[in-house]
Amino acid sequence: MDINGFVEEPRSGLPTPCPRDPHHRPESHMDVQGYRWVRWRVWLCRFGAVLSLGLLLLVFRWRPRLSVRFRCQSCPLAMADILLLKDSFGQQYVVKVLTEEMEEGSMEQAGREMEENEWRDNVQLHKEEKVLLRYYLFEGLRYIWMARKGAFCRVSVLNEDWSCGDLHRYQEGLSRLEQSSRRKVYGSNLIDVPVKSYLQLLLEEVLNPFYMFQVFSVTLWMIDQYYYYAICILVISLASISISLYEIRRQSSTLRSMARLVSNVTVRRGLGAEEESVSSLELVPGDCLVIPREGLVLPCDAALLTGECLVNESMLTGEGVPVMKTALPPGGGQYNPDAQRRHTLYCGTQLIQAKGAGPGRRGVIAVVTNTGFFTAKGDLISSILYPQPINFHFYKDASKFLLILGIVALMGTIYSSVVLSRTNAKWWECLIRVLDVVTIVVPPALPAAITTGTIYAQRRLKKQGVFCISPPRINICGKVSLFCFDKTGTLTEEGLDVWGVMEGGGAGFSDLVPDPQLLSPGPLLSALACCHSVVLLGGQPLGDPLELKMIESTGWELEEPEGDEKMLEELGGHRVLAVMRPPSQQLQAEAMPLRKTTAIVRRYPFSSSLQRMSVVTVAPGGQTGLAFIKGAPEMVASLCLRESVPAEFSNTLRKFASNGFRVLALGYKILDRETNLKTIEREEVERDMQFLGLLVMKNLVKPESAEVIKTLRQANLRTVMVTGDNILTAVNVAGSCEMVGSDERVIFVHATPHTAESRPTLRFHLGEGGATSSQNSAEVLSQGLYQSGMNYHMAINGKSFSALCDHFPEYLPKVLMRGTIFARMAPEQKTQLVQELQKLNYRVGMCGDGANDCGALRAADVGVSLSEAEASVASPFTSKSDNISCVPLLIREGRCSLVTSFSLFKYMALYSLIQFSSVLILYTVKTNLGELQFLFVDMFLVTLLAIVMGQGRPSSELHSQRPPARLLAMPVLASLFLHTCLLILGQLGALFITTSQDWFVPLNSTKAGADNLPNMEDTSVFALSGYQYIIMAVVVTKGYPYKKPLYYNVVFFFLILILFALMNWLVLYPPLAIQNILQLYDFRDINFKLLLVAVAALNFFTCFVLEVLIDTGLVGCLRMVRRNRASKKLYKRLDVVLSDSPSWPPLNQSLSSPQCTVIGLS
């Protein structure tokens, strides 16, 4: 057996309202290597740790691979004590293999679904007599050893192949022996967020490389007798650590309280199906739950087997409207929680109400499918606890730049070694001085400083109702180049108003009836009143806003006769979910008998993938049942008998959709008397329906949408609509919100998949409105349709998108480059679209308001959920606003934060280089800065400036150019290098001016370092460097066009003025007490002092002009060069190619095979 293996994933993935995305949770294909302890190596490492005073243990902590390599030897996975894991990002982890002793025969009980030999191989390793389960825990998930597969597999693999029939066979519950065995295999049902003690957190924080460097620095300063400075830095570091530990523990405690859910639940046990109350910790997959009528907060994932449940999933999805869940059909198909979302109850969701338990039962029945971190809630908590590394140049370059500073430090140590070797200093004094240079050049506070802007931005966003659970993504907001928007509830109003009803049949459509109450009693009116998932809670109807409006328009009343025995008898003993009664005045006016009251006995909720819902109803007396269907017109028409669909169906639908109306179609059929309404399958209900007509609803665009889209487009940010609605309705809304301009054309993309009768085809045709239908391709070309990249937009629906991805992948990038409207998109297609756009190197934002957008929100670089919840784990950002006005705000804050991070990074780097230059110059003349001089610079100048510098607010407008994100780019490196040169020249100038004075007295050559203080050289260099720290704070603080000008940051502006005044006071009129404290030389020549101030002013002027030239001239030159050079971003190169392709897309031509390569961009 090979010593390497792979962690296998369940094929169905983890069930969650947000489809689990391997792009964002990359545990799959994790490399696993096995190792065994070697006793002599372990003791040798312990001995080495003692000799190195613990340094070896630190190295092992920072490099886990070395820890394993030194103490263990490789071995097959089946014999491993220790595993070395490596994920797709190159991060390495060390985990310990654990064992669990099992009772004889219990493993077969726990895994009856699996082959017996597989378990035998699993537990009979090394021919031991005891039955052992080998497993390890990683990020809360349990992986068990499976010998037949030769790998550690997720424990959820044991139940991934369950069929719907298997789940229904668990209705009797598990026996106590089965439950006990499974619990040993699956572990406790607990999403446990570790909350470490303050001592543990302190050790982990202090052992961080940057804090270890800080400890090293403080120790060095204490040895060098810089006691005051060392104590101040130590106190500040301790305060910083204390605040950090408090925040970490507070956040961990908050997350734990949100994640931890332990309650008592009722389960069935054994063949007698007796019920008992157990702790939710004991639940395992296969347990049969009894859900009470009043509901509960579900502690696991489960499949609903009987009745209905009204569920609030806002904690997981941000969707505020409760969702109706119905019983899982008992068919033989494989259970898939994503495909059967409407039958799956998710952990952490609030079950508001359970109905349909039946007479004598305490509640509805559900079977546990996943527990702990394998649940939907567990997956989302895991994504917060263990976020994937963010692929952002800024964060990568910040780490790389520390290496550059390390190289500078090495050069400084070599120079200082040469200089100090020529003095009379002792060797250990030279060593301290040399190491001191390293502590100056590499500022340990640099990583913390560059997050200051992000922290301030997060606070400002929170004040404006935008909550963030992933602060590093705020900077990414500044680089977003494309934003996707859901339509209903995001761009348009959540609620819809009924515009009218149009009855239709084989003879055609009747006139539009504006008020459904004017319809004569019949199937269409009954369909409008009964085909819904609305329920009563506390006497108030609750459900989808569209369905609430539909019921309200009919005037019918909803009742839920729970426990009404008389009503049950009248309805033939059927299990009744709801009763719809006509208006009382209608009954009186038309003398309608009671039998017109309709009872809903079966309900098949709406599914985004199916694009429809249906119900089965009966009338009093238990007469023949009626089935009603409601959904997307194209889908409903395809399920109706052809002769019942009006011939003008397509034209009528196109007319309404083109005018922006939301259109639903309705149908019905009479069920056979022999039909068993309790077991009838959905496919049978929704077959051979009779077409009834269309429900036309007006969905108004939110007043803020058009202005926001206009702002984004003016800022050269692409906007894309992703909706489940009709493509023509989407095109109309896109025009209303100015996503498509009045002078811009829409090209429809139609792709068909491969069938037995035809090959895949791809066709582009011009939509109405942009040009008349009589125009041909040549006329369109002559009008310059293809001359401008943004002069036309493409629209495509979900079916065509799937066919395009499967059969025409070479055309997909081109369609994505010009695609603006994506209609009839299923939730998983929305996620796929975001990922395909990211492959073109777009930074993609996504804004939505419901569960259907959840996968796309998490897949996007920036996901914004419009939800009333303060924070939702459905996306990184949650806005309490009900419109998209938060999107420009988020982008502006992101740009401001990114520019601020750049400024702080450059400032901290220049601060180190200024002090580094001062020290080396003073080393050259056999002196150094004094202890309190260091303290004055670090505490009163740099720290104060760095803290308030990040408070700059974002610009009120979005600029068309996005800020840079690369620290190791030519403008940044050129700025740092040239500024450093000017700063060194300024300090050398101050020194040369001092030494050229007639009254200059050289240093005492018998002393070195700080022992030579006060002296003229140190005072002049210290004075000028003090100005330079303030000067660079002004120079690197950028304003336009991403931030408001410097003077808007009032605290920073006045601090600059105060510090300039302070330095002038110290240089021109220093009090004697201050001179003694800071060990400054008392210059009596006022002209010399003014000359020092003039040198500082000249330094300010030259640095400011240099920065302006770099920002304008150098950046402009680089842009000119880049125009002649292919961009690194694929979408920009595609845009150039498409702009030079006047013949694409070929209109009104059927493409059955590739006629040109994609772009050939290698």
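Which backbone oxygen lies 2.4 Å from a polar atom of the side chain of T1037? This tour of a predicted model comes to that contact after a look at the whole chain.

**The whole protein**

Show everything first. The protein has 39 helices and 41 strands. Of its 1162 residues, 55% count as buried. The protein exposes about 49,800 Å², and carbon and sulfur atoms supply 56% of that area. Now consider contacts between residues at least 6 apart in sequence: 76% of them join residues at least 24 apart.

**Stop 1: T1037**

Select T1037, in the loop between α35 (1016-1036) and α36 (1050-1068). The backbone oxygen asked about at the start belongs to A1033. T1037 has a relative accessible area of 13%, and because the cut-off for buried is under 20%, T1037 counts as buried. Leaving out residues up to four places away in sequence, T1037 touches S903, M949, K1043, L1046 and F1052.

**Stop 2: helices α32 and α35**

Keep α35 on screen and add α32, residues 886-924. The angle between two packed helices and the distance between their axes describe how they are arranged. Here the angle is about 170 degrees and the axes are 10 Å apart. Angles over 145 degrees count as roughly antiparallel, and α32 and α35 are therefore roughly antiparallel to each other. To see the contact, show side chains on both helices. Among those on α32 are S903, Y907, L910, Y911 and I914. On α35 they include V1021, Q1028, Y1029, M1032 and A1033. Two of these residues belong to the previous stop as well: S903 is touched by T1037, and A1033 supplies the backbone oxygen 2.4 Å from a polar side-chain atom of T1037.

**Stop 3: strand β29 and its partners**

Move to β29, residues 612-618. Seven of its seven residues are buried, so the strand is largely enclosed by the rest of the structure. Colour its side chains in two sets. R612, S614, V616 and V618 point one way, while M613, V615 and T617 point the other way.

Next select β28, residues 598-607, which pairs with β29 in the antiparallel sense over six bridges. R603 stands opposite V615 in β29. The two strands form a hairpin with four residues between them, and in the turn Q611 has a positive phi of about 60 degrees.

Then add β30, residues 626-631, which is antiparallel to β29 and joined to it by six bridges. R612 stands opposite G631 in β30.

**Stop 4: helix α26**

Select residues 727-736 for helix α26. How many of its ten residues are buried? Seven are, so the helix is largely enclosed by the rest of the structure. The buried ones are I727, L728, T729, A730, V731, V733 and A734. They pack against α23 (649-658), β31 (661-670), β33 (718-722), β34 (745-752), β36 (792-797) and β37 (819-823).

Look at both ends of α26. At the start, a side-chain oxygen of N726 reaches to within 2.7 Å of the backbone nitrogen of L728. Just after the helix, E738 takes a positive phi of about 65 degrees.

**Stop 5: the sheet β6-β7-β8-β9**

Select these four strands together. They form an open sheet in the order β6-β7-β8-β9, with antiparallel pairing. At the edges stand β6 (98-102) and β9 (151-154), each with a single partner strand, so one side of each is left without a neighbour in the sheet. The twist averages 40 degrees from one strand to the next.

Inside the sheet, β7 (131-138) and β8 (141-146) pair over four bridges. Y136 stands opposite Y143 in β8. Add helix α7, residues 176-186, which lies across β6, β7 and β8 and runs at about 170 degrees to β6.

**Stop 6: a second open sheet and G331**

Another open sheet of four strands has the order β13-β18-β15-β16, again with antiparallel pairing. Its edge strands are β13 (296-297) and β16. Two bridges join β13 to β18, residues 350-355, and the bridge partner of V297 in β18 is Q350.

Finish at G331, in the loop between β16 (323-326) and β17 (344-345). G331 counts as partly exposed, at 26% relative accessibility. Leaving aside neighbours within four places in sequence, G331 is in contact with C164, G165 and E681. G331 and C164 are 167 residues apart along the chain, and their C-alpha atoms are separated by 5.9 Å.

Note on methods
Residues are numbered from 1 along each chain as its sequence is written. This is a predicted model: local features need pLDDT of at least 70, side-chain atom pairs count only at pLDDT 80 or more; totals for chains, interfaces and linings use all residues. Side-chain values use heavy atoms; hydrogens and water are left out. Buried means under 20% relative accessible area, exposed over 50%, partly exposed in between (1.4 Å probe, protein chains only). Two strands pair if DSSP finds at least two bridges between them. A polar contact is a pair of N or O atoms within 3.5 Å; within protein, one must be able to donate a hydrogen and the other to accept it, and residues adjacent in sequence count only if both atoms are side-chain atoms. Contact means heavy atoms within 4.5 Å. Accessible areas come from the Shrake-Rupley method with a 1.4 Å probe; for residues, only the protein chains shown count as cover. Axes are lines fitted to C-alpha atoms, for helices over the stretch in contact, and angles run from 0 to 180 degrees between N-to-C directions. Angles under 35 degrees count as roughly parallel, over 145 as roughly antiparallel, 65 to 115 as roughly perpendicular and the rest as oblique.
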